[in-house]
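Let's walk through this one together, from its interior outwards. Have the sequence and the model open beside you as you read.

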Amino acid sequence: KSVSSTIHVSNSIDGPWVPLQPNTLGKCINPAPFQHPTNGTIFVICNHNELKRSNSISGPWVSVVTIPYADSDGPRGNYEDPFLWIDHRGAFHVLYHAYNLAENGEDCTHSTVSAHGFSL
């Protein structure tokens, strides 16, 4: 079974929050949106490693890059719950909860707990 989710929207910070319809993100697990502070472009991390962008929360979405963390020198394991931002120089950053069950065999108690990806 394919798992997917979408961005939720509301007219108020207090809700109610409802799924964005139609879901123009396609298969996007655990989307992490970010709005550029100066030009308003909306960026979203999908599936923990795909950066997409749009001029509107409703899409259409364009794939920008796939973040190659699995092939990098970063920690091996599972990456989830991305948090995306752009620093004062315009470089992109993503923080992840990262864990590797192989380090302990059963749980991530003594595992790596985070990873940081960034653009130059």
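Which residues make up the largest nonpolar core? In this predicted model, that core has twelve residues: A32, F34, F43, I45, L51, Y79, L84, I86, V94, Y96, A98 and A115. At least two of them come from each of the strands β3 (32-35), β4 (42-46), β7 and β8. Finding such residues together fits a general pattern: in soluble globular proteins, nonpolar side chains tend to be buried together. A second core, separate from this one, has seven residues, among them C28, I42, C46 and W61.

For a closer view of the largest core, pick out L51, which is one of its members. Beyond its neighbours within four places in sequence, L51 is in contact with F43, V44, I45, V62, S63, V64, V65, L84 and F92.

Now turn to the strands. An open sheet of three strands runs in the order β7-β8-β9, with antiparallel pairing. At its edges are β7 (78-86) and β9 (114-118), each of which pairs on one side only. From one strand to the next, the twist averages 20°. Between β7 and β8 (residues 92-99), seven bridges join the antiparallel pair. One residue to look for here is I86, whose bridge partner in β8 is F92.

Finally, follow the chain into the loop between β7 and β8, where you will find D87. Is D87 buried or exposed? With a relative accessible area of 17%, D87 counts as buried, because the cut-off for that label is under 20%. The side chain of D87 also makes a polar contact of 2.7 Å with the side chain of R89.

How values were computed
Residues numbered from 1 in each chain as written. Predicted model: local features only at pLDDT ≥ 70, side-chain atom pairs only at ≥ 80, totals over all residues. Heavy atoms only, no water. Pairing = 2+ DSSP bridges. Helix = DSSP H or I, 4+ residues; strand = E, 2+ residues; numbered from the N terminus. Axes fitted to C-alpha atoms, helices over the stretch in contact; angles between N-to-C directions. Core = buried A, V, L, I, M, F, W, Y, C linked by side-chain atoms within 4.5 Å. Buried < 20%, exposed > 50% of the residue type's maximum accessible area, 1.4 Å probe, protein only. Contact = heavy atoms within 4.5 Å. Polar contact = N/O pair within 3.5 Å; in protein donor to acceptor, adjacent residues only side chain to side chain.
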